[in-house]
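Welcome, and thank you for taking a look at this structure. Please keep the 3D view open while you read, and turn it as each residue comes up.

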Amino acid sequence: MRKTYRLLLGFLFLAGSATAQDATVPLNPDVYRVIDRYHIKQNTENLHTSFKPYGRARVAELGEAARQETNNSGSRTDEYNVNYLLNDNWNYTRFARDNESQRSLGPFFRNKTDLYHYESPEFSLRVNPVIGLQAGKDTDSDGLRYINTRGLQIEGSIDQKLGFYTFLADNQVKLPDYVNERVARDNIVPHEAYWKPFGRSGGYDFFSARGYINYAATKHISVMLGHDRNFIGNGYRSMILSDYAAPYFFLKLQTQIWKLQYTNLYAELTQDFEQRDQLYDKKYMTLHHLSMNILPNLNVGVFESVIFGRDHGRFELQYLNPIIFYRSVEQGLGSEDNALLGFDFKWNIYNRVQLYGQAVLDEFLISELRAGNGWWGNKFALQGGAKYIDAFGVPNLDLQGELNLARPFTYQHEDPSKNYQHYLQPLAHPMGANLAEAVAIVRYQPVPKLTLTAKAIATRYGQDPEPTVDPLNPEGGTTVYNFGGNVLKSYNLRQGDYGYQIGSGITTDQVYGEVTASFQLRYNMFLDLTQVVRRADAEDNRYDHNNAFSAVSFRWNIPQRTHEF
C-alpha cells in the first residue's frame with residue numbers, strides 16, 4: 001500500500017509540478033555542496049541558484065536529471081549522492097530508490113530518511129529529531145568546549161498547494177575563546193537571537209526556532225511567510241545577503257516564469273539587544289532580486305535593497321511596491337534610508353567549472369574614486385570566484401577559490417535603524433567590511449559515506465583600537481574609533497574623511513585553516529572530526545592571536561556550527 005501511495009503521489013506531482021508548492025531544503029553547506037555539484041554537471045536552467053534556500057521539488061528534479069547520467073557513467077560515490085538527493089526529497093519524486101527501511105520500529109523508521117513519515121495524495125508529513133553534540137579543546141581557554149543541541153524538525157505539504165516547515169531546538173554551548181571575544185564585543189552569540197549565560201564559566205543558553213508556510217498563489221508565483229534565513233549568491237560568502245545573522249521574520253514573493261526568477265523579500269529586523277525585559281527596537285528590510293538565464297549556462301542577477309526604521313516601528317508603506325526602484329522612493333520621501341544596489345552572475349563552463357561573482361554598491365563618487373585619495377564615502381563590495389568539479393579528472397574532488405573585498409564603512413550608517421545588521425550581526429559578510437579575503441576550499445569524497453574538507457581563509461582587515469580617554473583632558477570624554485569594519489558603529493565616529501584603504505586602523509593579517517573529516521553513519525546522521533588553526537598578526541602586537549581548536553561532533557539533521565571569522 002505504501003508503494004502504491006508513493007507511485008500515485010509521484011505521478012500526481014509530476015503532472016502538476018508547475019502549480020505544486022513545497023518545503024525548501026534547509027540551509028546546510030554540506031547538502032548544498034552536493035546540490036550545486038550536480039547543478040554544474042547538469043546545467044539545469046529550472047534551478048535558479050542565486051537565491052537560497054531551494055525548493056525541494058526543484059532539487060528532486062535535479063536529482064532525476066543527474067540519475068540518468070549517473071546510471072550511464074557515474075561513479076559509485078556519484079550514485080550514492082544522487083540517491084541521497086532523491087531519497088531526501090522522496091515526497092517530490094517517484095524515483096527515490098532504496099529508501100524503504102528494512103528495520104522499522106512500529107510506525108517509526110519506515111523509511112531511511114525519517115523518524116516518522118506519512119504520505120497520501122493530499123498530505124505528506126515528515127518528523128525528525130535534531131541532535132548536535134560536540135566536545136572540543138581550545139588552546140586559548142581552559143576546560144571543555146562543547147555544544148549540546150536537542151530539538152525537532154517537522155515539514156510537509158497539504159493538497160500540493162501549501163508547504164510547511166518548523167525547526168525547534170534547545171542549546172547550551174561553550175565556545176572557543178576567539179568566538180567569546182566576538183560575543184563580548186557585540187553582546188550577541190553568532191547566528192542566534194536572544195541568549196542567556198549558562199553555568200559559571202562562560203557558557204551560553206539559547207533557543208533556536210525557525211519555520212514558515214509556503215503557498216502556491218498561482219501557477220508561477222509562490223508566497224512564503226516565515227521566520228528563517230535567506231542567502232543570495234553562488235559563493236561561499238555573500239556580500240549581498242548571507243545566512244550568518246539570526247533568523248528574521250519575512251514575507252517572500254517568488255515568481256518564476258520563462259527564463260526569469262523574481263524575488264521580493266520583506267523582512268522585520270531587530271536593531272539592538274539587551275538582556276532585560278523590554279521590546280527591542282525594530283527596523284525593516286525590503287529587497288528585490290531579478291535572476292535571468294541569459295544563456296542556458298549563463299545567469300545574471302540584479303538586486304536592490306533598503307534598510308529603514310521609523311518611530312514606533314512603523315513600516316514605510318511605499319516600499320511595499322514590488323517593482324519600483326527603491327532609490328527613487330527613498331529620495332521622494334526625503335529620507336536617508338540605507339539603499340544598496342548591485343548584481344551577481346554565474347557562468348557554467350563545460351559542466352565542470354563555474355565562475356561567479358557579486359558587486360554591491362553602497363555609495364561612491366566617480367571623481368573621488370579617480371582621485372584615489374581614500375575618501376570614506378566610496379563604499380562598495382566585490383566578489384569573484386570559481387568552482388572546479390572532478391578537478392584534474394579525479395572523481396569527486398571539488399575545488400573552490402574565492403576573493404572578497406569590502407571597502408571601509410560599507411554597510412554602516414549613522415542611525416542604528418538603518419545599518420546593514422540584524423540582532424547586532426552583519427547581514428552580509430560575517431566580518432563586516434574594511435577587508436580583503438581569499439578563500440580556498442578542497443572537498444574530496446573518496447568513498448560514498450566519507451567527505452574530507454580543507455579550508456584556508458586569508459584575510460586582511462582593519463581593527464578599531466580600544467576606546468581611549470585623553471589623560472591631559474579626562475573631562476573631554478572617551479574617544480571611540482571607527483575605521484569602517486564594524487557595521488554596528490556609526491560612520492560619524494570616523495577620524496576624518498580621507499586616507500581610508502583596506503586594512504585602515506590596526507592592519508591585521510589573519511589565516512583561518514580548517515580540516516574536517518565527516519562520515520555519514522546513516523541518512524542525515526554524521527560523525528565529524530575537526531581541526532581549526534587560526535592566526536592573526538596585527539601591526540600592534542597586543543591584538544595578535546594564535547590559537548587552535550580540536551573537536552569531535554555527532555550531528556543528526558543539523559549542519560555543522562562553524563565560526564569562520
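The paragraphs below go from strands to charges, then to rings and the surface. Please keep in mind that this is a predicted model.

Let us begin with three strands that follow one another along the chain. Strand β3, residues 123-138, runs antiparallel to strand β4, residues 145-158, and 14 bridges join the two. One place to look is F123, which stands opposite I158 in β4. The hairpin of β3 and β4 has six residues between the strands, and there G143 takes a positive phi near 85°. Strand β4 also pairs with strand β5, residues 162-174, again in the antiparallel sense, over 13 bridges. Here S157 stands opposite G163 in β5. The hairpin of β4 and β5 has three residues between its strands, and D159 in the turn has a positive phi of about 55°. As you follow such strands, a general point is handy: in a regular strand the side chains alternate between the two faces of the sheet.

Now to the charged side chains. How many salt bridges does a search of the whole structure find? The search gives 29. In one of them, the side chains of R126 and D88 meet at 3.7 Å, N to O. R126 lies in strand β3 and D88 in helix α4, residues 76-88, so this pair ties together parts that are 38 residues apart in sequence. Both R126 and D88 are buried.

A second salt bridge brings together the side chains of R210 and D228, at 3.2 Å from N to O. This pair links distant parts of the chain, with R210 in strand β7 (residues 203-216) and D228 in strand β8 (residues 221-228), 18 residues apart. R210 counts as buried because its relative accessibility is 16%, and D228 counts as buried because its value is 12%. R210 also has a ring beneath its charge: its charged end sits over the ring of F167, 4.2 Å from the centre. You can find a similar arrangement at R494, whose charged end sits over the ring of W376, 3.8 Å from the ring's centre.

For a salt bridge with an exposed partner, turn to R542 and D540, where the closest N and O atoms are 2.7 Å apart. R542 is exposed because its relative accessible area is 66%. Elsewhere, salt bridges that share partners join R33, R37, K41, D78, D390 and D398 into one network.

Next come the aromatic rings, with 26 aromatic pairs found in the whole structure. The rings of W195 and Y204 have centres 5.3 Å apart and planes at 85°, so this pair is edge-to-face. Are these two residues buried or exposed? Both W195 and Y204 are buried. Another edge-to-face pair is that of Y388 and F392, at 5.4 Å centre to centre with 80° between the planes. Y388 counts as partly exposed, at 26% relative accessibility, whereas F392 counts as exposed, at 64%. W195 and Y204 also belong to one aromatic cluster with Y194, F273, Y280 and Y423.

Let us finish at the surface. F519, L521, L527, L529 and V552 make a nonpolar surface patch of about 400 Å². Strands β24 (506-522) and β25 (525-538) are the elements that each give two or more residues to the nonpolar patch. F519 is found in β24 and counts as partly exposed because its relative accessibility is 35%.

Key: Residues numbered from 1 in each chain as written. Predicted model: local features only at pLDDT ≥ 70, side-chain atom pairs only at ≥ 80, totals over all residues. Heavy atoms only, no water. Patch = residues over 30% accessible without salt bridge, like charges linked within 9 Å, V, L, I, M, F, W, Y side chains within 5 Å. Areas by Shrake-Rupley, 256 points an atom, 1.4 Å probe, with all protein chains shown as cover. Salt bridge = Lys/Arg side-chain N within 4 Å of Asp/Glu carboxyl O. Helix = DSSP H or I, 4+ residues; strand = E, 2+ residues; numbered from the N terminus. Buried < 20%, exposed > 50% of the residue type's maximum accessible area, 1.4 Å probe, protein only. Pairing = 2+ DSSP bridges. Phe/Tyr/Trp six-rings, centres within 6.5 Å; stacked < 30°, edge-to-face > 60°. Lys NZ or Arg CZ within 6 Å of the ring centre and 35° of its normal.
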